[in-house]
Amino acid sequence: MANNKVKQLWAEGKTVVNAWLAIPSGFSAEVVAQCGFDSVTVDMQHGVQDYLSMVQCFQAMHGRPVTPMVRVPWNEPGIIGKVLDGGAYGVICPMVNTAQEARNLVSYSKYPPKGVRSNGPIRSGMYGGAGEYQKTANDEIVLLPMMETRTAVENMEAILDVEGIDGVYIGPSDLGFSYGLVPKLDRDEPEILKIYEKIVKECGKRGLNPGIHCSGAEGAVRAINMGFKLVTLSNEVGLMQVYARQQVAQTRKDSGGKA
C-alpha cells in the first residue's frame with residue numbers, strides 16, 4: 001500500500017485540508033480532486049453517496065495527489081471492511097460515544113492480529129503489488145472516530161486512549177445539538193470552545209490528530225489556529241451553493257434592476 005499523504009503531512013506537523021463529497025458523481029470528484037485539497041472524503045452518512053458511487057469517486061480521483069477517505073454511515077464491520085476494500089485510505093466513523101465503540105472501529109478496520117477485518121482488498125489491492133497491500137494497510141489507514149455528543153465528550157480520555165485510532169473528528173452540528181444548542185458548523189459558544197480546547201490538548205498529549213468540519217476558509221483557519229490537524233471546507237454542495245448565490249446576487253445588484 002502506498003504511503004498515506006495524510007499521515008505524511010501530520011508527521012511534518014502540518015494540517016490536512018480535506019474536501020467532502022455528498023454528490024454521487026465521479027465527475028464532481030474529479031473536479032474537486034484538482035482543486036488543491038490534501039484529502040477528499042466521500043460522505044456515505046449524510047451525503048447521497050452509495051457504495052458504487054464511492055468507487056466511482058475514487059476511480060475519478062486516482063492519479064491525483066489526494067488521499068481518498070470515507071465517512072461511513074455507521075460503526076458496523078460490513079460497511080467498514082467494504083469501503084476499505086474499495087480503496088479508502090481513511091475512515092471517519094460517526095457517533096462513537098465510548099471506548100468500546102472506538103475499540104470496535106479499530107477491530108473492524110485492521111487485519112489480524114490487530115483486528116478482525118476480512119481479507120479481500122478487491123480494489124485497494126490495486127494500489128500496490130499482489131500481497132503488498134496487506135503488509136502495510138494496518139499502519140497506513142487513518143481511523144478517526146467522530147466525537148459529536150455529550151456522552152463522547154464525557155468519555156473523551158478513555159476514547160483517546162484506545163490504541164489504533166489516529167485522532168478524532170468533531171461534528172460541530174451534532175455536538176452543539178447534544179448540548180441543547182442550534183446545529184451549526186462554526187461554533188463560538190464558550191462552553192463548546194472549551195471542549196475544543198480540551199480535545200486539542202488531550203490529542204496533543206497522545207500524539208493524535210483532531211479533525212473538524214468547517215463551513216469554509218474562515219472557520220477552517222480559526223480551527224487550525226486552535227490546533228486542529230485536519231479541517232474540512234464545507235462540502236462540494238455548500239461550495240457550489242455559496243458561489244452560485246454570490247454570482248446571482250452580484251449580477252442582479254450590478255445590473256441596475258435589469259435582471
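## Aromatic pairs, a cavity and helix α12

Three aromatic pairs turn up when the whole structure is searched. The model is a predicted one. Two of the pairs are described here, with the geometry of each in the table.

| Pair | Centre to centre | Angle between planes | Class |
|---|---|---|---|
| Trp20 and Tyr169 | 5.6 Å | 10 degrees | stacked |
| Tyr111 and Tyr133 | 6.3 Å | 85 degrees | edge-to-face |

Trp20 belongs to strand β1 (residues 16–21) and Tyr169 to strand β6 (residues 169–170), so this pair ties together parts that are 149 residues apart in sequence. Trp20 and Tyr169 are both buried.

The rings of Tyr111 and Tyr133 count as edge-to-face because their planes stand at 85 degrees, and the cut-off for that class is over 60 degrees. This pair also links distant parts of the chain: Tyr111 sits in the loop between α5 (99–109) and α6 (132–140), while Tyr133 is in helix α6, 22 residues apart. Tyr111 is buried, as is Tyr133.

A ring also takes part in a contact with a charged side chain. Lys82 lies over the face of Tyr51, 4.4 Å from the ring centre.

### The cavity

Rolling a probe the size of a water molecule over the atoms shows where empty space is left. In this structure, a search of the whole model finds one cavity of 30 Å³ or more. The volume of the largest cavity is about 80 Å³.

Which elements each supply at least two residues of the lining of the largest cavity? They are β7 (211–214) and α11 (217–226). The most comes from α11, which gives four residues to the lining. The residues that line the largest cavity include the charged side chains Asp186, Arg187 and Arg222. Also among them are Leu185, Tyr196, Ile212, His213, Cys214, Gly219, Ala223 and Met226.

### Helix α12

Helix α12 covers residues 236–254, which is 19 residues. At 1.5 Å a residue the helix should span 27 Å, and its end C-alpha atoms are 27 Å apart, so the expected span and the model agree. The expected value is 1.5 Å times one less than the number of residues, which is why the multiplication does not use all 19.

Both ends of α12 have a feature to look at in the structure. At the N-terminal end, Asn235 acts as a cap: one of its side-chain oxygens lies 3.1 Å from the backbone nitrogen of Val237. Just after α12, Gly256 takes a positive phi of about 60 degrees.

Methods:
Residues are numbered from 1 along each chain as its sequence is written. This is a predicted model: local features need pLDDT of at least 70, side-chain atom pairs count only at pLDDT 80 or more; totals for chains, interfaces and linings use all residues. Side-chain values use heavy atoms; hydrogens and water are left out. A polar contact is a pair of N or O atoms within 3.5 Å; within protein, one must be able to donate a hydrogen and the other to accept it, and residues adjacent in sequence count only if both atoms are side-chain atoms. Rings of Phe, Tyr and Trp (its six-membered ring) pair if their centres lie within 6.5 Å; planes under 30 degrees apart count as stacked, over 60 as edge-to-face and the rest as tilted. Buried means under 20% relative accessible area, exposed over 50%, partly exposed in between (1.4 Å probe, protein chains only). A charge sits over a ring if NZ of Lys or CZ of Arg is within 6 Å of the ring centre and within 35 degrees of the ring normal. On a 1 Å grid over the protein atoms alone, a cavity is a set of points where a 1.4 Å probe fits but cannot get out, and a pocket is an open set with protein on both sides within 12 Å along at least five of seven lines; lining residues have an atom within 4 Å of a point. Grid points are joined across faces, edges and corners, and a volume is the space filled by probe spheres set on the points.
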